[in-house]
Amino acid sequence: MIKTERIADYNQSLNDNHGFRWGYLAEHLSRKRIDADALVEKVRQFQVAIPSWALGTGGTRFGRYPGGGEPRSLEEKIEDVGMLQALNRASGSISLHIPWDIPEDPQAVKDLLASYDLTIDSVNSNTFQDQKEQPLSYKFGSLCHTDDATRRQAVEHNIEVVRYGEQLGCRTLTVWLADGSNFPGQQHFRRAYQRTADSLKAIYGAMPADWTMLIEYKPYEPHFYSMIIPDWGTSFQLTQYCGPNAQVLVDLGHHLPNTNIEQIVGRLLHFGRLGGFHFNGSMYGDDDLTTGSIKPFQLFLIFNELVDGANDPAVKNPEVAYMIDASHNTKDPLEDLLQSVQNILTSYAKALLVDRDALSAAQEANEVTTAEEILKDAFLTDVRPLVAEAMRRNGGALDPIGLFRQLDVRRHLIDKRGRRAVATGL
Ligand code: PSV
Ligand code: MN
C-alpha cells in the first residue's frame with residue numbers, strides 16, 4: 001500500500017516544474033476561452049478498469065519471459081490494482097475472468113476491494129478453453145455448438161459467472177466467444193449464428209434486470225476462416241435480439257488493419273448500443289500493445305466521437321465502461337498499464353479541447369480544411385500537465401511511472417512473491 005504522504009512528498013519534488021508547465025497550459029487555454037479547471041474536473045472523473053489477466057507478463061505461442069513478482073491469486077491481483085489506483089487515481093476497478101478469478105470468500109474479497117478503494121468493473125466468462133473437470137469440450141464451439149448439451153454447459157457457465165458477479169456487487173457480464181471455424185464448409189453459418197443468438201438470449205434472460213451484457217466481436221483468432229461474431233454489425237444484431245440491456249463492446253485490437261474504428265464508435269453511439277471498450281494498441285491486429293503506442297491520432301479521433309456523443313442530448317447511449325485489455329510481453333506489466341491509462345487520459349483531454357461549435361459549423365459548410373485543422377489543433381496541444389494536475393487533485397502522483405520506479409515496486413514484489421511467481425490466468 002503506497003502511503004499518501006509518500007505521494008505528497010514525491011509531488012512536492014516535482015512541483016516547481018509542474019507548476020511552470022501547468023501554468024503555461026492554463027494560460028494558453030484561457031486565451032482560447034477554454035476553462036482549464038473545468039477540463040481538469042472532467043479528467044478527474046474518468047476511470048479505466050484494469051483486467052485481472054493483464055497484471056502478469058503475457059507471451060506468444062513461442063514463449064513467455066516473466067519478470068517475477070507476479071500476482072498468484074485474486075487477492076494479489078487486487079493488491080496490484082490497488083497500487084495502480086493509489087498512483088494514478090484513475091484505475092479504480094478491476095475486471096475478473098471466471099474461472100481464473102473465482103472468489104472463494106466473496107465478503108473477504110469485497111472488503112479487500114474496499115480497502116484499496118476499488119470496485120468490480122465486469123465479470124468475463126471463459127468458454128475459449130476447456131477446464132480440467134469440464135465434461136464436454138469447446139473444441140468445436142461453445143454457445144454455437146451443434147450439440148445441445150455442450151451449448152447448455154456453456155450457457156450455464158455464463159450464468160454461474162453472473163452469480164459470482166452478484167456476490168461481489170458487479171453488474172456487467174462480458175461475453176467474448178472464440179467460436180468459429182478454420183475451414184470452408186466446416187460450419188453452417190446461418191444455423192451457427194442462430195444457435196449463438198438463442199444461447200445468448202438464454203443467458204440474458206437469467207441476468208438480474210439491472211445487469212448489462214456486453215458482446216465483444218473479433219474478426220479472427222483463434223479461428224482463421226470464420227468467427228461467429230466477427231464484427232460490430234453481428235454484435236449489434238445480437239444485442240437487439242437479446243434486449244435493451246445488451247450492448248456492443250469495442251476492443252480496439254479486434255479490427256482488420258485500417259478499419260475506421262472511430263466511425264464504428266459514432267455509429268454505435270447513434271444507435272445507443274455502445275456499452276464498453278477494451279483499450280490496447282496495435283499495428284497489425286490483436287497485438288495487445290500499450291494503448292496509444294502505435295496510433296495516437298486514431299485514439300484521439302475515437303475520443304473525439306465519445307466526447308461529441310456525450311455532449312449531444314440527442315444521443316441516448318448508456319454510460320460506456322472503459323477497460324484496458326492488453327498483454328505485456330516486453331515491458332513490466334504494471335508500468336505498461338500506467339502508461340496506457342496515461343495515454344487514454346491524454347487522448348480524452350485532447351478531445352475535450354476540440355472547439356465543437358466551430359467544428360460543427362465547418363462540417364455543415366463543407367469547410368474540409370478548417371474542420372481538419374480544428375481537430376489537429378486539439379490533437380497537437382500538449383495536455384500532459386493537465387492530466388498530471390487531474391491526478392494530483394485526485395490524490396495521485398504527478399508522474400505515476402516515475403514514482404513507481406522511485407519506490408522500486410517491482411523489486412519489492414519479487415522479494416515478497418518470488419522471482420518465479422507467475423500470474424494465474426492467461
Ligand atoms: C480476446 O482476444 C479478448 O480480447 C477478450 O476480451 C478476452 O476476454 C480477453 O481478450 C482475454 O483473453
Ligand atoms: Mn477484449
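In the predicted model, the buried residues of helix α13 are P385, L386, V387, A388, E389, A390, M391 and R392. The helix, which comprises residues 384–393, is thus mostly covered, with eight of its ten residues buried. The elements that cover these buried residues include α1 (4–31), α2 (36–45), α3 (74–88), α10 (333–353) and α14. Helix α13 is followed by G395, a residue whose phi is positive, near 100°.

The protein chain to which this helix belongs has 15 helices and twelve strands. Its radius of gyration is 22 Å, close to the 22 Å that the globule rule gives for 426 residues, and the chain is therefore as compact as a globular protein of that length. Measured out along the principal axes, the C-alpha trace of the protein chain spans about 65 × 60 × 40 Å. Buried residues account for 47% of the 426 residues in the protein chain. When contacts between residues at least 6 apart in sequence are considered, 79% of them join residues at least 24 apart.Ligand 1 is surrounded by ten residues, the closest of which are N124, W176, E216, D251 and D325. By residue class, the shell around ligand 1 divides into three nonpolar, two polar and five charged residues.

A further buried position is found at W232, which lies in helix α7, a helix formed by residues 232–242. W232 counts as buried because 24 other C-beta atoms lie within 10 Å, where 20 or more are required. Once the neighbours within four places in sequence are left aside, the residues in contact with W232 are Y217, V248, V250, I264 and L268. The C-alpha atom of W232 is separated by 9.2 Å from that of I215, although the two residues are 17 residues apart along the chain.

Several backbone features fall in loops. Most residues other than glycine have a negative phi, and most peptide bonds are trans. Against this background, a cis peptide bond joins I98 and P99, with omega of about 15°, and P99 is found in the loop between β4 (93–97) and α4 (106–115). A cis peptide bond also leads from E221 to P222, with omega near 10°. P222 lies in the loop between β8 (212–216) and β9 (226–227), and E221 is likewise placed in the loop between β8 and β9. In addition to its part in the cis bond, E221 has a phi near 75°, a positive value in a residue other than glycine. E221 counts as partly exposed, because 13 C-beta neighbours lie inside 10 Å, a count that falls between the limit of 12 or fewer for exposed residues and that of 20 or more for buried residues.

A positive phi, of about 55°, is also found at D408, although this residue is not a glycine. D408 is situated in the loop between α14 (400–406) and α15 (409–417), and helix α14 is also one of the elements that cover the buried residues of α13. With 11 other C-beta atoms within 10 Å, D408 is exposed.

Technical notes: Residues numbered from 1 in each chain as written. Chains lettered and ligands numbered in written order. Predicted model: local features only at pLDDT ≥ 70, side-chain atom pairs only at ≥ 80, totals over all residues. Helix = DSSP H or I, 4+ residues; strand = E, 2+ residues; numbered from the N terminus. Contact = placed C-beta atoms within 7 Å. Near = placed C-beta within 6 Å. Nonpolar A, V, L, I, M, F, W, Y, C, P; charged D, E, K, R; others polar. Rg over C-alpha atoms; globule rule 2.2 N^0.38 Å.
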